[in-house]
Amino acid sequence: MKKFNLVKMVAVIAAMTLMLAACGNNEAGPANTDDATQAEETAVEETDAEETTEEVDTEEVDAEENDTEETTEQEETTEQEGTSEARTVEITDINGVVEVPVNPQRVVALDNRTFETLSNWGIELVAAPKPVMPADSPYVSDEAVQDIGNHREPNLEIIAAVDPELVIVGQRFASFAEDIQALVPSAAVINLNFDVSEEAEAAGDNLVEGLKNSTVALGEIFDKTDEAAALIENFENSIADVKAAYNGEDTVMSVVVSGGEIGFSAPSSGRVWGPMYEVFDWVPSLSLADATSDHQGDDVSVEAIAQSNPDWLFVLDRDAATASEEESTPAHDVINNAPALQNVTAITQGNMVYAPADTYTNESIQTYIKLFNDIATAFAK
């Protein structure tokens with residue numbers, strides 16, 4: 001009996017112990033769960049806060065970078081615009097240094113030595129002297145190019161009306177430079193003229209250096225420095241070829257044919273031929289103490305020309321550039337129909353060179369390159 005009671009008591013105590021343990025677990029379980037849940041929620045909130053902070057920081061950095069990029073772009077654009085607006089080049093003409101805008105949009109050209117170069121480079125003009133330009137120049141047929149007339153009665157008011165940025169003066173219009181500058185004071189006016197008259201101390205050097213300097217100036221103004229350099233190289237090569245081909249002994253006679261008459265083109269100065277005697281050291285067949293640089297040549301009889309019996313005859317047909325075939329007699333016919341010249345060595349030997357037909361209105365560097373090449377070929381035959 002005592003044994004049974006003892007076993008029963010042990011069983012009761014064990015049961016109570018189990019019940020107490022169970023109660024303890026139930027009470028602790030929810031608390032632990034709540035704590036874990038709260039910890040998890042706190043961690044999530046902290047993570048979200050960190051992510052939000054990172055996003056804000058990233059947005060601020062992006063904004064700062066965008067602001068920096070925009071500022072840089074604006075500064076670059078401003079610098080480019082400022083450079084474009086202020087871009088000029090200093091050109092030295094016969095009067096000094098002139099500040100000229102690079103790639104001017106409104107250009108007036110009055111120098112016959114520049115027309116072909118400007119045309120070949122695609123430079124648009126707003127005005128030009130069409131009556132003294134080669135008939136086949138694209139500027140002559142372009143109605144957008146205003147015609148200021150020839151140099152004898154120019155309409156300079158047209159220059160003011162077209163509001164140019166640049167006016168290129170030279171040769172026939174050289175004497176109008178000051179008047180033009182007064183009409184368009186805000187424009188750059190450059191005078192590219194050079195002296196090859198009888199007053200010039202070195203007409204030959206003036207011709208060569210004048211053509212080269214003008215070409216350099218145009219190249220700098222219109223961003224065509226490579227093209228200008230190529231022209232000058234061809235020009236210098238053509239001069240070298242003539243010097244190499246000339247034997248240093250043959251006599252030379254140069255003439256200008258105009259209105260069916262043969263005029264004497266004196267050595268050393270004047271239009272086209274004269275300066276070449278200095279450049280190439282030619283031996284003239286005839287010299288005159290009172291020779292001039294008249295554009296039609298000096299009045300020397302055909303008999304006097306024939307008596308000098310030149311080995312070479314160089315001819316400029318003035319009318320070929322200014323009149324139609326119906327209005328004039330070609331220089332070739334005038335020479336061949338002059339009885340006094342038919343026994344001259346130059347004619348019997350076929351030693352004649354005719355300047356390009358438009359030379360009188362187109363004394364460009366291109367014209368001289370062609371002419372010098374023709375002379376070198378003739379000398380070398």
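In this predicted model, the side chains of Glu236 and Lys212 come together in a salt bridge, with 2.9 Å from N to O. Glu236 belongs to helix H7 and Lys212 to helix H6, so this pair ties together parts of the chain that are 24 residues apart in sequence. The two partners have their own surroundings: Lys212 is buried, with a relative accessible area of 16%, whereas Glu236, at 37% relative accessibility, counts as partly exposed. The labels follow from the cut-offs, because buried means under 20% and exposed means over 50%, with partly exposed in between. The pair also has company, since Glu209, Lys212 and Glu236 are linked in a network of salt bridges.

How many salt bridges are there by this rule? The count comes to six. One of them joins Asp223 and Arg87, whose side chains meet at 3.1 Å, N to O. This pair links distant parts of the chain, 136 residues apart. Asp223 sits in the loop between helix H6 (203-221) and helix H7 (225-245), while Arg87 sits in the loop between helix H1 (2-86) and strand S1 (88-93). Asp223 is partly exposed, with a relative accessible area of 38%, and Arg87 is also partly exposed, at 41% relative accessibility.

A further salt bridge is formed by Arg271 and Glu363, with the closest N and O atoms 2.5 Å apart. Here, too, loops are involved: Arg271 lies between strand S9 (261-264) and helix H8 (276-280), and Glu363 lies between strand S12 (352-354) and helix H13 (365-380), so the pair ties together parts that are 92 residues apart in sequence. Are these partners buried or exposed? Both Arg271 and Glu363 are buried.

Attention now turns to the packing of helices. Two packed helices are described by the angle between their axes and the distance between the axes. For H7 and H13, the angle is about 25 degrees and the axes are 8 Å apart. H7 is therefore roughly parallel to H13, because angles under 35 degrees count as roughly parallel. The crossing of H7 past H13 is left-handed. On the H7 side, the residues making the contact include Leu231, Ile232, Phe235, Ile239 and Val242. On the H13 side, they include Ile365, Tyr368, Ile369, Phe372 and Phe379. Which classes of residue make up the contact of H7 with H13? By class, there are 14 nonpolar, four polar and one charged residues. Among the contact residues of H7 are also Asn234, Ser238 and Asp241, while those of H13 include Gln366 and Asn373.

Notes. Residues numbered from 1 in each chain as written. Predicted model: local features only at pLDDT ≥ 70, side-chain atom pairs only at ≥ 80, totals over all residues. Heavy atoms only, no water. Salt bridge = Lys/Arg side-chain N within 4 Å of Asp/Glu carboxyl O. Helix = DSSP H or I, 4+ residues; strand = E, 2+ residues; numbered from the N terminus. Buried < 20%, exposed > 50% of the residue type's maximum accessible area, 1.4 Å probe, protein only. Axes fitted to C-alpha atoms, helices over the stretch in contact; angles between N-to-C directions. Parallel < 35°, antiparallel > 145°, perpendicular 65-115°, else oblique. Left-handed = near helix turned anticlockwise from the far one by under 90°. Contact = heavy atoms within 4.5 Å. Nonpolar A, V, L, I, M, F, W, Y, C, P; charged D, E, K, R; others polar.
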